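Work through the exercises below with the sequence and the model side by side. Try each task before reading its solution.

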Amino acid sequence: MNMLQAIVLGLVQALTEYLPVSSSAHIRIIGDLMIGQDPGAAFTAIIQLGTELAVLLYFRHDIIRILGAWFACLFGKYGTTWKERLGARNKDAALGWYIIVGTLPIVIAGLLFKHAIETTLRNLWITVAVLFAFGILLWIVDARSVQKKTIEQMNVREALLFGIGQMLALIPGVSRSGGTITFGRAMGYTREAAVRVSFLMAIPAVFGAGILEAVSAVKDVASGQAGMFPGWGPTIIAAIISFIVGYVVIIGFLRFVSTFSYKAFAVYRIGLAVVVALLLITGVLPAIDPAMVG
């Protein structure tokens, strides 16, 4: 991977990470078209740190408020019963706990199925199937669901359901934001509330995955077993681009969902699934990267 290709992939990451269209699927597909192979799960996870840093910057005031309330409740400022320590008297502290609950499914599944996530599930036919299926699902759910719930109305059960939606994004093509937004809209959350939950819930999960993959990549490079990892230079460049452009995309996306439905994203997913299927059928793209088979 050269620097120009790294810049392009950084732009792709920034433009697709927050939208319900699957950034990992786009990195997988465009990476294969540009450099002739899958950039790999490690590259994908590490450059996601760039877009998550943009989330930290944009939501910094919310994050500081939630963390402050969470620690205050944990140490008994608003009461010493276990319910009060879990945020019964403070909605920001409760939201902090809900983010933790919502992070558990993707962490557990990521650890249990790490090998499959990095190999089998990166088959492009699987990506095509889930792009299409979740495009249809998002379209139907968004069109038929009411918009009444806000973040302040979340409970433990709904936090777990949001987390399950996020967990499904371990399959390239589902989309982390797409999974959480679809589950959120199905539960009656407003479009903007579902997006905000998606942003906040992604922070621990994506940062955790990125850090773990960075550590793993360092070990692999040191041992000469880097596999599909394209190197630190292109990876860092892509991460920086994804951070800068990602911040702008957050602003635009939040404005978009406050006015429009998700229909356009659903149609895009379906169209992309058809295009990728045609590329697979004609042999332009391989379903499985040769490096993974070897």
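The exercises that follow deal with helices, charged pairs and single residues.

This is a predicted model, in which local features need pLDDT of at least 70 and side-chain atom pairs count only at pLDDT 80 or more, while totals for chains, interfaces and linings use all residues. Residues are numbered from 1 along each chain as its sequence is written, and side-chain values use heavy atoms, with hydrogens and water left out.

**Exercise 1. Compare the span of helix α9 with the expected one, and find where its buried residues lie.**

Step 1. Helices are DSSP runs of H or I with at least four residues, numbered from the N terminus. Helix α9 covers residues 156–167, which makes 12 residues.

Step 2. The expected span is 1.5 Å times one less than the number of residues. From first to last C-alpha, α9 reaches 16 Å, close to the 16 Å expected.

Step 3. Buried means under 20% relative accessible area, exposed means over 50%, and partly exposed is in between (1.4 Å probe, protein chains only). In α9 the residues Glu 158, Ala 159, Phe 162, Gly 163, Gly 165 and Gln 166 are buried. They cover an arc of only 155° around the axis, so they sit on the same side of α9. The arc is taken from the directions that run from the helix axis to the C-beta atoms.

Step 4. At the start of α9, a side-chain oxygen of Asn 155 comes to within 3.2 Å of the backbone nitrogen of Arg 157.

**Exercise 2. Do the same for helix α13, and name the helices its buried residues pack against.**

Step 1. Helix α13 (residues 263–281) has 19 residues, which should span 27 Å at 1.5 Å a residue; the end C-alpha atoms are 27 Å apart, in agreement.

Step 2. Its buried residues are Phe 265, Ala 266, Arg 269, Ile 270, Leu 272, Ala 273, Val 276, Ala 277 and Leu 280. Because their arc around the axis is only 160°, they are on the same side of α13.

Step 3. These buried residues pack against α2 (23–35), α8 and α12 (232–257).

Step 4. Just after α13 comes Gly 283, with a positive phi of about 85°.

**Exercise 3. How many salt bridges are there? Describe the surroundings of Asp 62 and Glu 158.**

Step 1. A salt bridge is a side-chain nitrogen of Lys or Arg within 4 Å of a carboxyl oxygen of Asp or Glu. By this rule the count is eight.

Step 2. One of them joins Asp 62 to Arg 65, at 3.8 Å from N to O. The two residues are three apart in helix α4 (residues 60–74), so about one helical turn separates them. Asp 62 is partly exposed at 22% relative accessibility, and Arg 65 is partly exposed at 40%.

Step 3. Another pairs Glu 158 with Lys 149, at 2.4 Å from N to O. Both Glu 158 and Lys 149 are buried. Elsewhere, salt bridges with shared partners link Asp 62, Arg 65 and Asp 92 into one network.

**Exercise 4. Which side chain of opposite charge is nearest to Glu 52, and how far away is it?**

Step 1. Glu 52 lies in helix α3 (residues 41–58) and is buried.

Step 2. Lys and Arg count as positive, Asp and Glu as negative; His and the chain ends are not counted. The nearest side chain of opposite charge is that of Arg 176, 4.5 Å away, and Glu 52 has no salt bridge.

Step 3. Contact means heavy atoms within 4.5 Å. Beyond its neighbours within four places in sequence, Glu 52 contacts residues including Glu 17, Tyr 18 and Phe 199.

**Exercise 5. Where are Ser 22 and Ser 175 placed, and are they buried or exposed?**

Step 1. Most residues other than glycine have a negative phi. Ser 22 has a positive phi of about 75° although it is not a glycine, and Ser 175 has a positive phi of about 85°.

Step 2. Ser 22 is in the loop between α1 (3–16) and α2. Ser 175 is in the loop between α9 and α10 (176–186).

Step 3. Ser 22 is buried, at 1% relative accessible area. Ser 175 is buried as well, at 3%.

Note on methods
Polar contact = N/O pair within 3.5 Å; in protein donor to acceptor, adjacent residues only side chain to side chain.
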